[in-house]
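This report introduces a structure to a reader who has not met it before. The sequence and the model are shown first.

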Amino acid sequence: MNRLVVVAAVMLTVFGVSCKNKGQKSGAGKEAAAKVYVEPGKYDEFYNIVSGGFSGQMSVYGLPSGRLFRVIPVFSVDPTTGWGYSEETKPMLNTAHGFVPWDDSHHPALSVTSGAHDGRWAFINANNTPRIARIDMKTFRTVDIIEIPNSSGNHSSPFITQNSEYVVAGTRFSYPMDDDNSNPDVPINTYKQNFKGTVSFVSIDPKTGNMGLGFQLLLPGFNFDLARAGKLKSGDWVFFSCYNTEQANTLLEVNASQKDKDFIMAVNWKKCEELVKAGKATKKAVKFAHNTYSEETHSAKSEILKEVNMLDPKDFPGLVYFMPCPKSPHGCDVDPTGSYIVGSGKLAAVIPVFSFDKMLKAIEAKTFEGNFEGIPVLKYDAVLHGEVKKPGLGPLHTEFDGNGFAYTSFFVSSEIVKWNIEKLEVVDRVPTYYSIGHLCVPGGPTTKPHGKYVIAYNKITKDRYLPTGPELTQSAQLYSIEGDKMKLLLDFPTIGEPHYAEAIPAEMIVKNSVKIFKIEDNKHPYATKGEAQARVERKGNEVHVYMTSIRSHFTPDNIEGVKMGDVVYFHVTNLEQDWDVPHGFAIKGANNAELLIMPGETATLKWTPDRIGVFPMYCTDFCSALHQEMQGYVRVSPAGSSVPITFSTGATATPEPKK
Amino acid sequence: MKRKIVFGVVLMAGLVMAACGGNDSASGEANTSSATSENTSNQAADDGKGVGKFTNVELTNPLDQKMVSAGKLVYDMKCGSCHRLTNEKLVGPGWKGVTSRRKPEWIMNFATNVEEMLAKDPNAMAMLEECLVRMPNQNLSDDDARHVLEFMRNNDGVK
Ligand SMILES: [Cu+2]
């Protein structure tokens with residue numbers, strides 16, 4: 001029976017390619033529309049915080065409507081908000097490799113208290129140049145980015161511990177470490193001797209959220225894929241999936257699929273923390289950036305830090321154990337009670353479910369089958385709660401509804417499968433269109449799932465939307481999980497590749513949302529708090545324009561005395577104190593784009609004139625009925641010119657003196 | 001006489017706007033509350049105190065110079081970009097004579113509750129029709145508003 005379904009599912013995917021969606025159900029019935037309809041002017045029930053995938057950003061949708069509210073710039077420059085273009089935000093994209101304008105983000109993690117959502121912060125990883133960012137949910141802005149040294153491909157990140165003590169960062173690619181004791185210039189085929197892995201624990205200040213590099217663990221060289229912190233009874237532990245325990249450095253598709261089992265790694269972070277506090281960690285010299293953004297100065301700063309606490313688990317037994325897990329595990333998800341760890345072997349025909357209680361017993365009884373580079377490997381049977389048999393093809397990720405059920409995504413058979421955690425029995429399955437990756441139940445990774453929906457984040461949309469050339473939209477699909485049967489309600493397009501997402505009840509965020517920045521509190525060194533202070537100052541060849549904007553004029557709006565060879569900084573303060581009235585700023589020929597300035601904020605555009613003449617500047621955000629009047633001019637004179645610095649607004653030409 | 005007619009026209013325009021204003025009003029909350037506050041807005045037109053929480057403002061005599069200087073700081077930071085201190089119009093009307101045109105309560109209500117005033121107060125609505133720029137809510141505290149009022153009185157030559 002089960003097998004038939006699987007075969008059918010395979011048939012479906014195979015034929016899905018050639019026969020498009022002919023004869024294939026759209027999935028949702030007419031009654032689905034009423035379930036996702038949010039009346040104009042009404043709010044959605046949930047925020048859906050979705051990774052922007054290879055856009056490097058984070059996107060925010062409403063559920064159940066699937067409406068896109070916002071793209072929060074994180075790891076990539078953003079032409080809409082000026083992120084990475086304004087002088088204030090450029091430092092946020094600084095790294096030990098310099099300014100990186102575009103990265104790849106995968107997994108949002110929302111802050112938790114006692115294992116449940118608290119609505120304070122969202123975290124997300126940069127995969128390519130390893131970093132973690134923190135977004136403040138009061139402003140929906142990125143306020144903190146920390147780089148992870150000794151890491152390449154920060155994929156198993158930023159999964160969060162149950163009181164937001166740490167977010168983790170596991171290196172996907174092992175490589176010759178870049179710390180002071182390593183020798184990175186080695187032949188690639190010396191993987192086994194020279195390549196190492198690390199996982200990092202990034203600390204979070206409980207009050208401010210400020211991130212710091214708590215400590216790293218030095219681990220055998222293979223690929224660390226995904227992670228989840230334990231909760232409640234397993235709250236002191238974090239679990240990481242590992243593949244390529246074959247330690248292949250080429251054609252991993254084949255060479256990393258040799259072994260029957262790879263590992264889920266269990267790390268006792270509490271013990272690690274104690275050792276670090278007791279000064280037992282080794283200090284390694286590294287180089288990594290820590291960038292923070294202040295909502296008071298409306299500016300970022302970037303520091304390069306030089307040291308990390310490293311623990312080698314070989315020196316400290318009891319920190320790390322491996323649990324064998326079939327066939328290149330990907331997802332590694334902990335149920336809301338903290339009792340079970342679900343491994344998803346990409347190539348496995350079963351879903352193994354590990355028991356935390358059994359793991360502790362096996363550790364105590366030393367039920368080891370051996371060790372891997374000095375780290376104990378527990379016996380599979382000793383830690384296994386059981387296996388879900390024949391669940392589907394290509395299991396990837398699992399989320400939970402808090403009622404004893406798990407929802408696992410199947411990439412190859414394009415479906416979500418619902419199963420009972422205790423009984424390990426499949427109870428329902430629905431097709432996704434197509435090739436689902438991650439999935440999300442609101443609150444699914446927490447101790448208190450909010451339930452109601454499961455959302456599929458698909459890798460392929462093919463025939464679901466009007467075609468737009470070779471590049472198609474990415475997509476999500478919303479299913480109801482309120483009844484016994486999952487029901488498709490809605491397809492909605494997403495940006496980038498929507499890897500993982502979380503969803504949180506709107507009321508946890510809405511009440512804290514900031515509407516304006518108070519001009520009184522603006523501590524930007526170049527703030528202009530009122531038109532009386534507006535001015536232009538020359539410092540050598542730098543010209544600083546202290547400019548204000550209010551509907552519908554700039555002060556000053558006529559500037560003369562700029563010369564070729566000058567670098568002009570427009571520090572624009574938006575004097576509005578009203579919600580939803582940003583002003584923009586653009587000047588012709590600026591090689592560094594434009595600004596968008598929120599009420600009460602100051603932002604700076606750097607402009608290097610490349611020719612003499614008179615250059616218009618204007619507001620790019622339609623701010624009032626007289627928005628088209630919101631403009632001005634800058635005169636640029638030749639290098640040696642004697643035109644003095646002058647500036648004004650509203651001064652009309654003095655008539656030529658009569659002779 | 002002439003004044004009355006103008007006022008009547010303005011009032012009409014105001015009512016018409018209130019009736020169709022819902023379409024372009026940005027805030028949903030304002031829409032839902034408009035039905036219930038119809039009465040208050042008529043009253044407001046009657047007593048000239050505007051719509052808002054200030055119903056009785058005690059004036060100082062002589063002027064409180066501390067409040068005047070505090071009011072100047074608020075003016076410089078939050079008002080000066082749109083209001084001259086003469087009777088010359090910039091974005092909004094010049095402030096010369098404003099304390100004789102408007103009751104103190106009206107000024108404080110307008111300064112702190114501008115969205116609702118522009119939606120309901122006939123005098124405010126008439127001004128908007130002329131200026132065509134919505135005065136922003138500049139997020140004043142009650143004290144700020146009182147200080148600005150004192151600053152305006154000073155500007156109007158009150159001792
Ligand atoms: Cu504007």
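## Polar links between the chains

Across the interface of chain A and chain B, the rule finds one salt bridge, that is, a side-chain nitrogen of Lys or Arg within 4 Å of a carboxyl oxygen of Asp or Glu. A:Glu520 forms a salt bridge with B:Lys78, with the closest N and O atoms 2.9 Å apart.

The model is predicted: local features need pLDDT of at least 70 and side-chain atom pairs count only at pLDDT 80 or more, while totals for chains, interfaces and linings use all residues. Residues are numbered from 1 along each chain as its sequence is written, chains are lettered from A and ligands numbered from 1 in the order in which they are written, and side-chain values use heavy atoms, without hydrogens and water.

## Extent of the interface

The contact (heavy atoms within 4.5 Å) takes 18 residues from chain A and 17 residues from chain B. The two chains bury about 1,400 Å² between them, 57% of it on carbon and sulfur atoms; this is the accessible area (1.4 Å probe) lost on being put together, summed over both. In chain A, A:Glu520, A:Arg551 and A:Gln577 lose the most area to chain B, together 32% of what that side buries.

## Helix H5 of chain A

Helix H5 of chain A, a DSSP run (H or I, at least four residues) numbered from the N terminus, spans residues 269–277, and its buried residues are A:Trp269, A:Cys272, A:Glu273, A:Leu275 and A:Val276. Buried means under 20% relative accessible area, exposed over 50%, partly exposed in between (1.4 Å probe, protein chains only). Because these residues cover an arc of only 160° around the axis, they lie on the same side of H5(A); the arc is taken from the directions from the helix axis to the C-beta atoms. The face turned away from the buried side of H5(A) carries the exposed A:Glu274 and A:Lys277.

How values were computed. Helix = DSSP H or I, 4+ residues; strand = E, 2+ residues; numbered from the N terminus.
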